[in-house]
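Here's a quick walk through one chain, starting at a single spot and working outwards. Have the model open and follow along.

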Amino acid sequence: MQRTRFGDMACSIARTMDVVGEPWSPLILRDVYVGISRFDQLQDDLGISRKVLAERLKWLVEQDVLERREYSTKPPRHEYALTPKGVELVELLMVMVRWGDRWTAGDAGPPVLYRHHACGRVAHVELRCSECGEPMGPTDVDVLPGPGSAA
């Protein structure tokens with residue numbers, strides 16, 4: 001049986017899942033975002049095997065989501081940083097956090113909070129229309145064919 005190639009589908013969700021759709025990638029991105037950027041740090045924090053971590057980091061670098069930077073030459077050591085493409089993926093993770101905080105945090109509440117730099121308050125992400133600024137959820141839009149549609 002041949003594996004479906006999500007990256008080849010005319011669907012932005014499928015293409016995004018092709019990049020970050022397995023469970024370790026979003027967690028690696030989360031860690032790099034909060035400053036855990038070296039291989040051994042990532043492995044310790046995630047409890048992931050070295051082989052799987054190396055494969056995921058290589059994939060995320062190839063997808064231009066992470067950048068590999070040398071921080072030591074003797075011995076050679078590297079750390080990882082988000083690219084602009086990776087920073088935008090963190091926005092997706094912030095939406096996932098809001099959903100997880102609401103539906104899976106339980107009585108303990110959210111495991112982390114986000115303080116907004118502009119106002120200094122603890123807040124959560126909200127989707128807003130880029131044109132008018134109004135809240136934008138699934139019931140507030142119509143889905144129309146776009147220029148990249150297969151239709």
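Glycine 86 is buried: its relative accessible area is 0%, and since the cut-off for buried is under 20%, there's no doubt about the label. Glycine 86 sits in helix H5. What does glycine 86 touch, once its neighbours within four places in sequence are set aside? The contacts are Asp64 and Val65. The C-alpha atoms of glycine 86 and aspartate 64 are 7.5 Å apart, although 22 residues separate the two along the chain. Keep in mind that this is a predicted model.

Now hop over to aspartate 64 itself. This residue belongs to the loop between H4 and E1. Is aspartate 64 buried, exposed or partly exposed? Its relative accessibility is 45%, so it goes down as partly exposed. Its backbone deserves a look too: phi is near 60°, a positive value in a residue that isn't glycine. For background, most residues other than glycine have a negative phi, and most peptide bonds are trans.

That second point leads nicely to another loop. Lysine 74 and proline 75 are joined by a cis peptide bond, with omega at about -5°. Where is proline 75? Look in the loop between E1 and E2.

The strands on either side of that loop form a hairpin, with 2 residues making the connection from E1 to E2. E1 covers residues 66–73 and E2 covers residues 76–82; they run antiparallel and share 7 bridges. Threonine 73 faces proline 76 of E2. Glutamate 70, for its part, has histidine 78 in E2 as its bridge partner. In general, side chains in a regular strand alternate between the two faces of the sheet.

Back to the helices, this time H1, which spans residues 12–20. Which residues of helix H1 are buried? They are Ala14, Asp18, Val19 and Val20, so an aspartate is on the list. These buried residues pack against H2, H4 and H5. As a reminder, an α-helix has 3.6 residues a turn, so residues three or four places apart point the same way.

Here are the helices of that packing group, for picking them out on screen:

| Helix | Residues |
|---|---|
| H1 | 12–20 |
| H2 | 24–33 |
| H4 | 50–62 |
| H5 | 84–103 |

Zooming out, the chain has 5 helices and 4 strands. Reading from the N terminus, the order is α-α-α-α-β-β-α-β-β. An unreviewed UniProt entry lists residues 11–108 as "domain: HTH hxlR-type". That stretch is 61% helix and 15% strand, and its end C-alpha atoms are 37 Å apart.

As for the chain as a whole, its C-alpha atoms fill a box of roughly 55 × 45 × 30 Å along the principal axes. Of the 151 residues, 22% are buried. The exposed area comes to about 11,500 Å², with 55% of it supplied by carbon and sulfur atoms. If you count contacts between residues at least 6 apart in sequence, 38% of them join residues at least 24 apart. And the charges: there are 19 positive and 22 negative ones, and their mean positions lie 5 Å apart.

Note on methods: Residues numbered from 1 in each chain as written. Predicted model: local features only at pLDDT ≥ 70, side-chain atom pairs only at ≥ 80, totals over all residues. Heavy atoms only, no water. Buried < 20%, exposed > 50% of the residue type's maximum accessible area, 1.4 Å probe, protein only. Contact = heavy atoms within 4.5 Å. Areas by Shrake-Rupley, 256 points an atom, 1.4 Å probe, with all protein chains shown as cover. Lys, Arg positive; Asp, Glu negative; His and termini not counted. Charge placed at Lys NZ, Arg CZ, Asp CG, Glu CD. Pairing = 2+ DSSP bridges. UniProt positions renumbered as here; feature names shortened; annotations may be inferred.
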